[in-house]
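Here are my notes on the model you sent over. I stuck to the pockets and one helix pair.

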Amino acid sequence: MSIAENLEKVRASIPDGVKLVAVSKTKPVEDIKEAYDLGIRDFGENKVQEFLTKYDNFGSDVRWHIIGHLQANKVKYIVGKVFLIHSLDSVKLLKELEKRYSKENLFADALIEINIGREESKSGILLENLDELLGECQRCSNVRVKGLMTVIPIGDEESNKKYFSQMKSLFEKLKGMKLKNVEMKYLSMGMTGDYKTAILEGANIVRIGQGIFGKRNYN
Ligand SMILES: *Cc1c(COP(=O)(O)O)cnc(C)c1O
């Protein structure tokens, strides 16, 4: 199936109010341009180096999303170039974002990535460390928390539902706390295989790669 056909199907299955981020990692600029010509403006990349090579090919109407683990020492390369960082997962990263963005008088909008399935192989913060991170977020002036993100463990429908609904509960709880600098606007969860369930459970950003661009080639 072509990108156009895939997109048509995906779009038809996403209700108004849910933002679609097209995950273009490993895919060439031509594929991104094709999706762009079909109206997509939100693209997700997981590696800073790869993101930078693509970034220069597009104008300021494109909103870039960093969805992969972000090392603190890479922050300096992305300042001012990214619409939303989905992977804030440590105090160390937060402090580097605050430092680099305040230097440029810019704001970093970020989602806190939660390792809801407690998987060692995954990035994201564990729930028991969330309070400390939230405390530090409230001391920031140039990093603004805009919500939560997760990548759930591989599992069946029932397991997916369980993790997504835990995330939604946490999202609502934090929203109710009205913490300074911590807004619960976006709940980013759901990928090609599970985004429909994620939406039913309350996601308002879905990140879809293979469902739009086809299978990825890792060389
Ligand atoms: C690759 C990736 C996606 C997209 O996955 P697909 O299965 O291709 O839809 C979404 N979120 C993150 C964090 C990813 O790394």
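1. A word on classes before the pockets: Ala, Val, Leu, Ile, Met, Phe, Trp, Tyr, Cys and Pro count as nonpolar, Asp, Glu, Lys and Arg as charged, and the others, Gly among them, as polar. Keep in mind, too, that this is a predicted model.

2. On that scheme, the lining of the largest pocket splits into 7 nonpolar, 8 polar and 6 charged residues. The volume of this largest pocket comes out at about 440 Å³. Its lining has 21 residues, and the ones closest to the centre are Lys25, Ile67, Val151, Met191 and Arg216.

3. What about the second largest pocket? Its volume is about 200 Å³. Here 14 residues make up the lining, with Ile152, Pro153, Ile154, Met191 and Asp194 nearest the centre. By class, that lining has 6 nonpolar, 5 polar and 3 charged residues. If you're going through the residue lists, note that Met191 is named among those by the centre of the largest pocket and again among those by the centre of the second largest.

4. Now the helices. How do α1 and α2 pack? Helix α1 (residues 3-12) and helix α2 (residues 29-37) make an angle of about 50°, and their axes are 10 Å apart. That angle is why α1 counts as oblique to α2. The crossing of α1 past α2 is right-handed.

5. As for who touches whom, α1 brings Ile3, Ala4 and Leu7, while α2 brings Asp31, Glu34 and Ala35. Sorted by class, this contact of α1 with α2 has 4 nonpolar and 2 charged residues, and no polar ones.

How values were computed
Residues numbered from 1 in each chain as written. Predicted model: local features only at pLDDT ≥ 70, side-chain atom pairs only at ≥ 80, totals over all residues. Heavy atoms only, no water. Axes fitted to C-alpha atoms, helices over the stretch in contact; angles between N-to-C directions. Helix = DSSP H or I, 4+ residues; strand = E, 2+ residues; numbered from the N terminus. Parallel < 35°, antiparallel > 145°, perpendicular 65-115°, else oblique. Left-handed = near helix turned anticlockwise from the far one by under 90°. Contact = heavy atoms within 4.5 Å. 1 Å grid on protein atoms, 1.4 Å probe; cavity = no way out; pocket = protein on both sides within 12 Å on 5 of 7 lines; lining within 4 Å. Points joined across faces, edges and corners; volume = space filled by probe spheres on them.
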